[in-house]
Amino acid sequence: MRALTALGFAGVLAGAGAASCSTGVRADTGADAYMQVPGAQFVRGPMPQGSASGPSVDQVSLVNNNIWAGLENDPIGGAMGPTATAAAIGLQNDVGYWVVVAGPPDVATPTDPSFSANAVFSQGIILGSYTLVVRAVDQSGSFGPPSTQILVAEASPLNPAATGDLVVTLTWDTESNLNLHVIDPNGTDIYWGNQSSQPPFSFNQSDAGSYGYIDYDSNGNCVIDGLRTEDAIWPDPPPSGQYTVRVDAPSLCGQPIANWTVSVVLEDEQIAQARGVALDADTMGSHGVGSGVLALQFAVP
Amino acid sequence: MRRFAWIGALAVATLAASARAEDAPAHEDALNAEVARQGAAIDALAAALEKERRERENPTVRVSGFIQADWVIHNQESQNEINGSTGQPLNQDRFTLRRGHVRVDAGKGLVFGALELDANTTNGPQVRPIEANVSLRWPERPDDHLPSFVASIGLMRIPFGYEVQELDYVRPFLERANMLQALFPGEFDLGIRLALKYRFLDWSIAAMNGSPIGNKVFPDLDPVQAKEVVGRLGVDVEIAPGIRFQAGVSGDTGTGFHPGTPATKNVLVWQDQNGDGLVEPNEIVAIGGTAATPSQVFHRFALGGDARLIVRVAPLGNLSFRAEAVNAQNLDRGLEVADPVGAGHDLREVGYSGGATQELTPWAMVGARYDLYNPNGDASQQRASNHVPVNRAYSTLALMGMARYRQARLLLEYDINRNPLGTGANGAPTTLADNALTLRGQLVF
């Protein structure tokens, strides 16, 4: 009977022995990569060096070489040598690369397998120059020589950097609804509910003076726009005196926290910066004039 | 002479009387003990009769249940991330209430019923009915000389194969084989069922909605009028002292549903191809409206066989072998939902499993089970210039060790999983690492 027992277990184990020796890929969303390719397989780590005898990349097609944080559906395509079955795509020195299955040849290159991907660039990408690397891979998993393109990460045209003599900027990292409050030397709180320090029009009022305004109410009422930035801008030289900056959190929109940063740029020079965290407790209470937590104070001479 | 005879008889009688007088207390004690024993037996019979009378007059209600709490010690698939599509966390290394069942059984005469609720935190906290049915039985009391019929209506186990009908707290492995989770997700469906048991025969046939509670689409609903007919013809026989054999063939035939689409209007779509946030003429695309398409139905079926051999191995305990195989078409409702209308061809599904368990005294058990399921035997992939066949099979090798004490279990299982969900460097499907080590505590009450 012991023999029967041993035989039974041995049969089950032997029949499936291959399973325990299997190789595969790790589950990884690659959400921390600067460049992401939805639907493709992410492989963490540097792309293998490959060899000259491996399949080649004949052509890489880009719409343009300029990228920016949050850029979506940026098409990357091309053609590879006839033996290629996949393409490995990634930014040099990124945390990993992406494997895209080769597609049928295009009409223009009838013998060469194609590849096609729609890239997304991380909100956290730092402005500067990047090298896009594409290698073809054949059926045996051999990587070929690289084909490279230079990509330049620049400020998003959808959210250009604010300009003015004085710019107070609030940015945060989750899709929450935060509000910037700037109290000018006259005691006027400039925020989404009072978008300008300019007083109402009056015939007796002189036209002199410089006024600040809030450029945008990002994620207002939790209508998510993805910008997560608000600026208080003085296009002309701002009034002298003490300024107070507060950060209010009307709602975290379901997010657990929001890490925020406030920076102050006076005549193109950063003069102050502060960081903080908005928690659910910060959403309680009033969200009108003077609300929010103190971020920083600064003086304009 | 006659005088001597009388004297002799008198002497004998005197001696006998003397002897009886000496035995009388012991005899009396024995008689009293016998009377007491018979009295107790009569009382027991009377109590049993009274209990049966009460049961006849009042429904018997019994509350039972079980808890299965898991600690997924490590799952290779775990990430500290969320699924971008569902918003659900991707971490699997967690404590979870896999099943918490409370069951109420009630019966009176020929009629009985059951209601079982399941509370779990598999996808967040939820409570749902898992079984609810009313049954008519004949005969009222089990009788070895008569066949036993049970007709049921409601939410009940699907009578297909062995593991689908195996109770969750009895199954030695954490979960059912992949093929059964795919073909019969949730194991329970609404319908009517007729079951027959007679000597070694164990047969069931049912007409059901065909949309089990674990169905990915329309769970517990029924989008088609035709009903699923499913059944199992089984035997359960002791072929020799200490050796028991169970086997069966199962079938399922029914109708699947492909949803139609509503009519759409003409729309203009802006595709920001260069991502500059500006609308440019070449980025405006006109998409023409389409007429509604009708829903379609398709035929699906499954044919399966199962066998189980239980051998008493003294002094360890039972050695049990189990095997099950299913050949199906268009029936996957839980893993890769079969839709031959969308796929353009019938989806051939094949699966099998085999396993063995060995009791090591009443307090421990070890076991192993291997199962493989291919949801599409004709799967292919466009890779470069070629359309190549690919293997879409899922398999699991489960290695289990269990400690038991009365109604409690502590089960440790390591699952070696293979699947086609990853992409290898060469573009071919490969395993997305998913091995898991799980500890389960179970209590039946």
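Begin by selecting strand S1 of chain A, residues 24-25, together with strand S21 of chain B, residues 429-432, in this predicted model. The two strands run parallel and are joined by two bridges. Within this pairing, A:Val25 has B:Leu432 in S21(B) as its bridge partner.

Next, display the whole boundary between the two chains. Here 37 residues of chain B are in contact with 42 residues of chain A. On the side of chain B that touches chain A, several strands each supply at least two residues, among them S13 (317-329), S15 (364-374) and S21 (429-432). Select S14(B), residues 348-359, as well; this strand gives the most to that side, with four residues. Colouring the side of chain B that touches chain A by class shows 12 nonpolar, 19 polar and six charged residues.

Move then to S18(B), residues 394-405, and S19(B), residues 408-418, which also contribute to the side of chain B that touches chain A. S18(B) and S19(B) pair in the antiparallel sense over 11 bridges. They form a hairpin with two residues between them. In the turn, select B:Arg406, whose phi is positive, at about 50°. Beside the turn, B:Arg404 has B:Arg409 of S19(B) as its bridge partner.

Keep B:Arg409 selected and add S22(B), residues 436-444. In S22(B), B:Gln442 stands opposite B:Arg409. S19(B) and S22(B) pair in the antiparallel sense over eight bridges.

Finally, return to chain A and colour its assigned domains: domain 1 covers 25-153 and domain 2 covers 166-300. The centres of these two domains, taken over C-alpha atoms, are separated by 41 Å.

How values were computed. Residues are numbered from 1 along each chain as its sequence is written. Chains are lettered from A and ligands numbered from 1 in the order in which they are written. This is a predicted model: local features need pLDDT of at least 70, side-chain atom pairs count only at pLDDT 80 or more; totals for chains, interfaces and linings use all residues. Domain bounds come from an automatic or database domain assignment. Two residues are in contact if their C-beta atoms, placed from the backbone, lie within 7 Å. Ala, Val, Leu, Ile, Met, Phe, Trp, Tyr, Cys and Pro count as nonpolar, Asp, Glu, Lys and Arg as charged, and the others, Gly among them, as polar. Two strands pair if DSSP finds at least two bridges between them.
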